[in-house]
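Reader: I have a sequence and a structure to look at, and I would like to learn how to read them step by step. Could you take me through the main features, giving the general idea before each case?

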Amino acid sequence: RGGNGAGGGDGGFAGGGNTSVSVTDGALNIIGNLAVAANARGGNGGTGGDGGNATDGEARFEASNANITFTPNAQGERTLFVDASNQGGSGVAQGGNGEAGDAGVEIRGSAVSGLTLNVLANGTGGEASGAAGVGGNPR
């Protein structure tokens, strides 16, 4: 997460980083949900400042010759979330841009049971609060 600006300062830049789960020649037993996320949020601008941009990041789930089982938790949830979404920071004159990262799932020669799959890669622009402010761009 980018830092917030003070006074008339702009919000800071945030980069998503990389995260992954990889299972090879083994078993993975999950009760409930598993989240693999690489998210970033640009910092908010101070009074009069622009929002910071948020970009990049990679979230991956990979399985090769594996046995993967998802069992519902007490709430009945059993979802694999792979998320590389980023959001630009809020500003007064200009919201920060939010550029989606890369999210992916690769499963080869594996048995998978019981899961709901949710893969996200969204970019959301930050809001601008000034009368003539311009919101950030999603990418």
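Author: Let us begin with the charged residues: Arg60, Glu62, Glu106 and Arg108 are linked in a network of salt bridges. Before the details, please note that this is a predicted model, in which local features need pLDDT of at least 70 and side-chain atom pairs count only at pLDDT 80 or more, while totals for chains, interfaces and linings use all residues. Residues are numbered from 1 along each chain as its sequence is written, and side-chain values use heavy atoms, with hydrogens and water left out.

Reader: What is a salt bridge, and how many salt bridges does the count come to?

Author: Side chains of opposite charge can pair when their charged atoms come close. The rule used here asks for a side-chain nitrogen of Lys or Arg within 4 Å of a carboxyl oxygen of Asp or Glu, and by this rule the count comes to three. Arg60 forms a salt bridge with Glu62, with their closest N and O atoms 2.9 Å apart, and another with Glu106, where the corresponding distance is 3.5 Å. This second pair links distant parts of the chain, since Glu106 belongs to strand β11 (residues 102-108) and Arg60 to strand β7, 46 residues apart. Glu106 also forms a salt bridge with Arg108, the closest N and O atoms being 2.5 Å apart.

Reader: You speak of numbered strands; how are they defined, and how exposed are Glu62, Glu106 and Arg108?

Author: Strands (E, at least two residues) and helices (H or I, at least four) are DSSP runs, numbered from the N terminus. For exposure, one uses the relative accessible area: under 20% is buried, over 50% is exposed, and partly exposed lies in between (1.4 Å probe, protein chains only). Glu62 is partly exposed at 25%, Glu106 is partly exposed at 32%, and Arg108 is partly exposed as well, at 40%.

Reader: Which residues of the largest nonpolar core touch the most other members?

Author: A nonpolar core is a set of buried Ala, Val, Leu, Ile, Met, Phe, Trp, Tyr and Cys residues joined through side-chain atoms within 4.5 Å. In this structure the largest core has 15 residues, of which Leu28, Leu34, Ala59, Phe61, Ile68, Phe70 and Leu80 touch the most other members. The elements giving two or more residues to this core are β3 (27-31), β4 (34-37), β7 (58-64), β8 (67-71) and β9 (79-83), and β7 gives the most, with three residues. To look at one member, take Leu80: if neighbours within four places in sequence are set aside, Leu80 is in contact (heavy atoms within 4.5 Å) with Leu34, Val36, Phe61, Phe70, Leu115, Thr116, Leu117 and Asn118.

Reader: How should I read a sheet, and what is the order of the strands in the one that holds β9?

Author: Two strands pair if DSSP finds at least two bridges between them. One open sheet of three strands runs in the order β4-β9-β13, with parallel pairing, and its edge strands are β4 and β13 (116-120), each of which pairs on one side only. Within this sheet, β4 and β9 pair in the parallel sense over four bridges, and Ala35 has Phe81 in β9 as its bridge partner.

An open sheet of three strands is also found in the order β5-β10-β14, again with parallel pairing. Here β5 (40-41) and β14 (123-124) stand at the edges with a single partner strand each, so one side of each is left without a neighbour in the sheet. Strand β10 (residues 86-87) pairs with β14 in the parallel sense over two bridges, and the partner of Gln87 in β14 is Thr124.

Reader: Outside the strands, where is Asn97 placed, and is Asn97 buried or exposed?

Author: Asn97 is in the loop between β10 and β11, and at 15% relative accessibility Asn97 counts as buried. Not counting residues up to four places away in sequence, Asn97 touches Gly52, Asn53, Ala54, Gly88, Gly136, Asn137 and Arg139.

Reader: Which residues are in contact with Gly126?

Author: Gly126 is in the segment after β14 and, at 3% relative accessibility, counts as buried. Leaving aside neighbours within four places in sequence, Gly126 is in contact with Gly88, Gly89, Gly95, Gly96, Gly135 and Gly136.
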